[in-house]
Amino acid sequence: MAMQRLALVVVESRMGIVFIHPRGAPADAPASLPSGIVLDGETAEHGAVRLVREQTGLQVAITEQLVEFEQEGTPYGTAAMTGFVARVQAGELREGDEGPPAIYALHDLPAIIPERVANQKVLAAYLSRRRPPGTR
């Protein structure tokens, strides 16, 4: 059986980073990156673009592949994760199946749902490339 592939996307807009607020998320860690399953026949990049559109209403272009790793303990067992950076090209924020999206300034990012370890890893990789060492 093939390993499930997932894409996770840090979406950059002029106003900040796009997050999803899944229903039922804890109040002190309410956020998730746009992310989900890459469908059979899709590249990870195409899956990432589709997921962002479905979950936020935004059309994006992938600008960077951040990380690739395997994550154990997902709802799919061990899954192959690919983290991307994308830039908004068009569209307006709208709620998708995952929950309402919101944009946060880089200096005021929300906490990610604790169980979404892959989201945390992708966001950390993004922030490590965007912030000078020693700053929060």
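The paragraphs below walk through the cores, a strand pair, two of its residues and the pockets of this predicted model.

A good place to begin is the interior. The largest nonpolar core is made up of 20 residues. Those with the most contacts inside this core are Val 10, Phe 19, Leu 66, Met 81, Val 122 and Tyr 126. Several elements come together here: strands β1 (4-13), β2 (16-20), β4 (58-74) and β5 (77-91), along with helix α2 (117-130), each supply at least two residues of the core. The biggest contribution is that of α2, which gives 6 residues. Apart from this core lies another one, of 13 residues, and among them are Ala 7, Val 38, Val 60 and Ala 86.

Met 81 is a helpful residue to follow through the fold. Once neighbours within four places in sequence are left aside, Met 81 is in contact with Leu 6 and Leu 8, with Val 67, Glu 68, Phe 69, Gln 71 and Thr 74, and also with Ala 118. Read against the element limits, Leu 6 and Leu 8 fall in β1, the residues from Val 67 to Thr 74 fall in β4, and Ala 118 falls in α2.

The strands β4 and β5 deserve a closer look. These two strands pair in the antiparallel sense, over 13 bridges. Together they form a hairpin, with 2 residues between the strands. One of the bridges joins Glu 70 to its partner Ala 80 in β5.

Two residues of β5 show how differently positions along a strand can be placed. Is Thr 82 buried or exposed? Thr 82, which lies in β5, has a relative accessible area of 9%, and because this is under the 20% cut-off, the residue counts as buried. Not counting residues up to four places away in sequence, Thr 82 touches Leu 6, Ala 7, Leu 8, Ala 44, Gln 65, Val 67 and Glu 68. Gln 89 also has its place in strand β5. With a relative accessible area of 53%, which is over the 50% cut-off, Gln 89 is therefore classed as exposed. Under the same exclusion of sequence neighbours, the residues touched by Gln 89 are Gln 59, Val 60 and Ala 61. Gln 89 and Val 60 make a nice example of folding bringing the chain together: they are 29 residues apart in sequence, and their C-alpha atoms are 5.1 Å apart in space.

The surface can be explored through its pockets. The largest pocket has a volume of about 470 Å³, and 22 residues line it. Nearest its centre lie Leu 6, Pro 75, Tyr 76, Arg 116 and Asn 119. The elements giving two or more residues to this lining are β1, β3 (35-37), α1 (44-56), β4 and α2. By class, the lining of the largest pocket holds 9 nonpolar, 7 polar and 6 charged residues. Leu 6 links several parts of this account, as it lines the largest pocket and is in contact with both Met 81 and Thr 82.

The second largest pocket holds about 200 Å³ of space. Its lining includes Glu 12, Ser 13, Arg 14 and Met 15, as well as Arg 87, Val 88 and Gln 89. Both β1 and β5 supply at least two residues of this lining, and the largest share, 4 residues, comes from β5. The residues here divide into 5 nonpolar, 3 polar and 4 charged. Gln 89, the exposed residue met above, is thus also found in the lining of this second pocket.

Conventions. Residues are numbered from 1 along each chain as its sequence is written. This is a predicted model: local features need pLDDT of at least 70, side-chain atom pairs count only at pLDDT 80 or more; totals for chains, interfaces and linings use all residues. Side-chain values use heavy atoms; hydrogens and water are left out. A nonpolar core is a set of buried Ala, Val, Leu, Ile, Met, Phe, Trp, Tyr and Cys residues joined through side-chain atoms within 4.5 Å. Buried means under 20% relative accessible area, exposed over 50%, partly exposed in between (1.4 Å probe, protein chains only). Contact means heavy atoms within 4.5 Å. On a 1 Å grid over the protein atoms alone, a cavity is a set of points where a 1.4 Å probe fits but cannot get out, and a pocket is an open set with protein on both sides within 12 Å along at least five of seven lines; lining residues have an atom within 4 Å of a point. Grid points are joined across faces, edges and corners, and a volume is the space filled by probe spheres set on the points. Ala, Val, Leu, Ile, Met, Phe, Trp, Tyr, Cys and Pro count as nonpolar, Asp, Glu, Lys and Arg as charged, and the others, Gly among them, as polar. Two strands pair if DSSP finds at least two bridges between them.
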